[in-house]
Amino acid sequence: MKFFVDTAEIDAIAELNDLGMVDGVTTNPSLILKSGRDIMEVTKEICDLVEGPVSAEVVAMEADAMIAEGRKLAEIAENITVKLPLTWDGLKACKVLSGEGKMVNVTLCFSANQALLAAKAGATFISPFIGRLDDINIDGMDLIQDIRTIYDNYGFETNILAASIRSVAHVQDCALIGADVMTAPPEVIKKLATHPLTNAGLDQFMKDWAKTGQNIL
């Protein structure tokens with residue numbers, strides 16, 4: 001499973017990228033706002049830093065305007081993925097932009113039927129939102145499983161990009177189901193390395209080592 005980082009914060013991306021933990025980056029208007037940066041400027045900086053796909057989202061609501069914005073965003077770098085909403089107009093724009101050879105990430109997916117439409121429209125990635133479904137007492141993992149089954153049934157090449165990931169449990173469940181990609185905030189990715197038994201074991205090792213009176217260096 002590939003790891004995308006869901007942020008527009010350069011320092012956070014760089015830290016994880018240095019560890020080989022970044023296969024791509026996802027941004028959205030809310031993350032651009034949080035960064036306080038110009039969208040074109042910060043997106044170009046991210047693309048220069050990361051080799052994998054970098055999602056940049058359109059803000060238009062109508063297909064023709066989405067296409068125009070998508071083309072403009074795609075000019076930033078070769079690894080730009082144009083991010084489109086899962087609306088009828090978004091699907092129209094997806095069909096055109098994917099037909100032009102551009103990577104497209106169709107976002108705000110909340111049903112298997114939506115994911116099926118996105119795949120047929122040529123989406124490179126489909127982004128089902130796990131956490132937001134959990135918020136309304138619907139198990140987001142059921143959606144990931146349903147999309148996996150449908151895509152496997154018919155050989156769709158669209159990548160399942162699990163989004164709105166809020167916890168380490170979400171990451172594990174996505175990996176078990178077979179999501180192609182997951183995107184999560186930097187703090188969630190860092191938490192994957194944490195376990196209380198690891199901490200307890202390390203604490204005991206250090207106490208025992210101190211008693212030896214030895215040094216390695």
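This is a short viewer tour of one predicted model, moving from the whole chain to helix contacts, a strand residue and aromatic pairs.

**Whole chain**

Start with everything shown as a cartoon. The chain has 11 helices and eight strands. Its C-alpha trace spans about 70 × 40 × 30 Å along the principal axes. Colour by accessibility next: of the 217 residues, 45% count as buried. Now consider contacts in the chain with a separation of 6 or more. Residues 24 or more positions apart account for 58% of them.

**Stop 1: H5 against H6**

Select helix H5, residues 88–99, together with H6. Their axes are 9 Å apart, at an angle of about 25 degrees. Angles under 35 degrees count as roughly parallel, so H5 and H6 are roughly parallel to each other.

Show side chains at the contact. From H5, pick Trp-88, Leu-91, Cys-94 and Lys-95. They meet Leu-117, Ala-118 and Lys-120 of H6. By class, this contact of H5 with H6 holds five nonpolar residues, no polar ones and two charged ones.

**Stop 2: H6 against H8**

Keep H6, residues 112–120, and add H8, residues 140–154. Here the axes are again described by a distance and an angle: 9 Å apart, about 40 degrees. That angle makes H6 oblique to H8. The crossing of H6 and H8 is right-handed.

Which residues in H6 and H8 meet? On the H6 side, select Ala-112, Ala-115, Leu-116 and Ala-119. On the H8 side, select Leu-143, Asp-146, Ile-147, Ile-150 and Tyr-151. The residues of this contact of H6 with H8 divide into eight nonpolar, no polar and one charged.

**Stop 3: Thr-107**

Move to strand E5, residues 103–109, and pick Thr-107. Is Thr-107 buried or exposed? Its relative accessibility is 2%, so Thr-107 counts as buried.

Now display its surroundings. Leave aside neighbours within four places in sequence. Thr-107 is then in contact with Glu-57, with Lys-83, Leu-84, Pro-85 and Leu-86, and with Ser-127 and Phe-129.

**Stop 4: aromatic pairs**

Switch to rings. A search of the whole structure finds four aromatic pairs. One of them joins Phe-4 and Phe-125, and this pair is edge-to-face. The ring centres lie 5.7 Å from each other, with 70 degrees between the planes. Follow the backbone away from each ring. Phe-4 sits in strand E1, residues 2–6, while Phe-125 sits in strand E6, residues 125–128. The two are 121 residues apart, and the pair links distant parts of the chain. Both Phe-4 and Phe-125 are buried.

Go next to Tyr-154 and Phe-156. Their ring centres are 6.4 Å apart and their planes are at 55 degrees, so this pair is tilted. Why is the pair tilted and not edge-to-face? Edge-to-face needs planes over 60 degrees apart, and stacked needs under 30, so 55 degrees falls to the tilted class.

Colour these two by accessibility. Tyr-154 is exposed, with a relative accessible area of 60%. Phe-156 counts as partly exposed, at 22% relative accessibility.

**Last selection**

Add Tyr-151 to the view. Tyr-151, Tyr-154 and Phe-156 form one aromatic cluster. Tyr-151 also appeared at Stop 2, among the H8 residues that meet H6. Showing H6, H8 and the cluster together puts both contexts of Tyr-151 on screen.

Notes. Residues numbered from 1 in each chain as written. Predicted model: local features only at pLDDT ≥ 70, side-chain atom pairs only at ≥ 80, totals over all residues. Heavy atoms only, no water. Phe/Tyr/Trp six-rings, centres within 6.5 Å; stacked < 30°, edge-to-face > 60°. Helix = DSSP H or I, 4+ residues; strand = E, 2+ residues; numbered from the N terminus. Buried < 20%, exposed > 50% of the residue type's maximum accessible area, 1.4 Å probe, protein only. Axes fitted to C-alpha atoms, helices over the stretch in contact; angles between N-to-C directions. Parallel < 35°, antiparallel > 145°, perpendicular 65-115°, else oblique. Left-handed = near helix turned anticlockwise from the far one by under 90°. Contact = heavy atoms within 4.5 Å. Nonpolar A, V, L, I, M, F, W, Y, C, P; charged D, E, K, R; others polar.
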